[in-house]
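Grab your viewer and a notepad: here are a few short exercises, each with a worked solution. Try each one yourself before reading on.

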Amino acid sequence: MDAASHGAIDRRQPLLVHQISVLLLTFSAYAAFHASRKPPSIVKSVLGSETPSAGAGGGGWPPFDGPSGTRRLGELDLAFLSSYSAGMYLAGHVADRVDLRRFLAFGMLASGVSTAAFGAAYWWGVHSLGFFLAVQVSSGIVQSIGWPCVIAVVGNWFGNSPRRGLIMGVWNSNTSVGNILGSIIASSVVEFGWGWSFLLPGLLVAAVGVLVWVFLVSDPRDLGFETTSKEVEMNEPGVETTESSDLGNGEESGLLGSEQTDEVDSTTTAIGFLEAWRLPGVAPFAFCLFFSKLVAYTFLYWLPFYIRNTDVAGKHASHKTAGILSTIFDVGGVLGGVSAGFMSDRLNARASTCIFFLFFSIPTLIAYRSYGSMSMQLNISLMFLSGYFVNGPYSLITTAVSAELGTQEMIQGNSRALATVTAIIDATGSVGAALGPLLTGYISTRGWNNVFLMLICSTAFAMTFLIRLAKAEVSSKMS
């Protein structure tokens, strides 16, 4: 795709304008993806029985009512997240070889259709477990397109910026913003019928997909901006550096002839899957994300259900209140992601920053389970802190760390490795994300203390994979 294909976009705008546009579009895109993933967690307490021990007549929507309801809801999460993780490996491989704008837009439109299809079961009166599983598998596959594409686009435009941790920490709040938006939308309309909780987020992600198709520019070279080893910096207005002069923020400079752009494209080849796995740091961070995402996604898919079925100061929250209260966890996650990015930039120590957040998330989880039911104020405070510490490393690894590993010196700035490396790390994390909600569906029937024990053990395992890298960072600082 060349610059001519973006007829609606001013190709002679300063670089900073296009970078801001890319950040806003990719932020909105992935926030919409996450908003469309939130409805299953909001309607769990509607589809399933009121409590895990309720009898077959305890209400709900067949086949999710009765004592087996929570297990079947966990199997729905497994269907989505396992297909999502498997699709992620393939999506990253494909994203390095196709037009990112079109591939991302297709994923968003298809996600809108699959999300709406789940909600349509409400009006169609569908009670077949096979139907719901098939929809979730389809949703997982098309949703897996999103992350490799958006992270590759942002990596193309921001390269090896020294402020990458902070920039991408702020940008990665798209996941929490999407969760909050999806929770509010789904919770607000669930009382009119749970089908609406899926239909509206489905329409949202499809609408943003149209905007991506029309306006997104996936690579600065598509507009004629020159790149050096795919490193594009966002500089302060009025501050000129060697790289910014090469890029040409002015209207006359910074536009390449088509011959030079074609030459850059022709000499860049995508990296192999096994070769990407062997890159330094990829495997440790991938397995750390496995356990980090297990914890984060357990909260994503089960927190509203947990709030609904756990008394706080002797009272149970309504379906709507539980859904809205769960957004406090995501609000903490926004601040945690930004803080982790800022801290890692200041220390230039990604692994050590992750270990810091993981370490403090353990006592926070213990406190939330032990004291969260004493009062609503304490519940909200501890939920916020849990989101802050749990989402900090998750956010850092999936953004700044992935982009850094995908453009490291060993591969000489090969931008076409970025989506593959990103997909490997996030797909490995998504395997853990699939396992956590599934296990929760089974373990919660034996008490929520066991669920929190699983989360604490997973956090401890996540730390172990980064100890060697953190030691190297500390040694480097001391020497």
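**Exercise 1. Is K293 buried or exposed, and which residue is its salt-bridge partner?**

Step 1. Start with accessibility. K293 comes out at a relative accessible area of 1%, so it is buried (buried is under 20% relative accessible area, exposed is over 50%, partly exposed is in between, with a 1.4 Å probe and protein chains only). Before going on, note that this is a predicted model, where local features need pLDDT of at least 70 and side-chain atom pairs count only at pLDDT 80 or more, while totals for chains, interfaces and linings use all residues. Residues are numbered from 1 along each chain as its sequence is written, and side-chain values use heavy atoms, with hydrogens and water left out.

Step 2. Look for the partner. K293 pairs with D426 in a salt bridge, with 2.8 Å between the closest N and O atoms (the criterion is a side-chain nitrogen of Lys or Arg within 4 Å of a carboxyl oxygen of Asp or Glu).

Step 3. Place both ends. D426 belongs to helix α18 (residues 418-443) and K293 to helix α13 (residues 282-308), which makes this a link between distant parts of the chain, 133 residues apart. Helices here are DSSP runs of H or I with at least four residues, strands are E runs of at least two, and both are numbered from the N terminus.

Step 4. Check the acid. D426 has a relative accessible area of 3%, so this end is buried too.

**Exercise 2. How many salt bridges does the whole structure hold, and how exposed are the two ends of the E191 bridge?**

Step 1. The count over the whole structure is five.

Step 2. Now zoom in on E191. Its partner is K320, and the closest N and O atoms are 3.8 Å apart. This bridge also joins distant parts of the chain: E191 sits in the loop between α8 (173-189) and α9 (196-215), K320 sits in helix α14 (residues 319-325), and 129 residues separate them.

Step 3. Compare accessibilities with the cut-offs. E191 is at 54%, so it is exposed, while K320 is at 37% and is therefore partly exposed.

Step 4. One more pair for practice: D345 and R350 form a salt bridge with an N to O distance of 3.1 Å. Both D345 and R350 are buried.

**Exercise 3. Characterise the second largest pocket: what is its volume, and which residues lie nearest its centre?**

Step 1. The volume is about 400 Å³. Here's the recipe: on a 1 Å grid over the protein atoms alone, a pocket is an open set of points where a 1.4 Å probe fits, with protein on both sides within 12 Å along at least five of seven lines, and lining residues have an atom within 4 Å of a point. Points are joined across faces, edges and corners, and the volume is the space filled by probe spheres set on them.

Step 2. The lining has 15 residues, with F285, R350, E404, L469 and E473 nearest the centre. R350 is the residue you just met in its bridge with D345.

Step 3. Trace the lining to helices. α16 (350-371), α17 (376-405) and α20 (467-478) each supply at least two residues, and α20 contributes the most, with five.

Step 4. Sort by chemistry: seven nonpolar, four polar and four charged (Ala, Val, Leu, Ile, Met, Phe, Trp, Tyr, Cys and Pro count as nonpolar, Asp, Glu, Lys and Arg as charged, and the others, Gly among them, as polar).

**Exercise 4. Which peptide bond is cis, and what is phi at A313 and N348?**

Step 1. Recall the background: most residues other than glycine have a negative phi, and most peptide bonds are trans.

Step 2. P62 and P63 are joined by a cis peptide bond, with omega about 15°. P63 is in the loop between α2 (39-47) and α3 (69-95).

Step 3. A313 is not a glycine, yet its phi is positive, about 55°. A313 sits in the loop between α13 and α14.

Step 4. N348 has a positive phi too, near 50°. N348 is found in the loop between α15 (327-347) and α16, and at 55% relative accessibility it counts as exposed.
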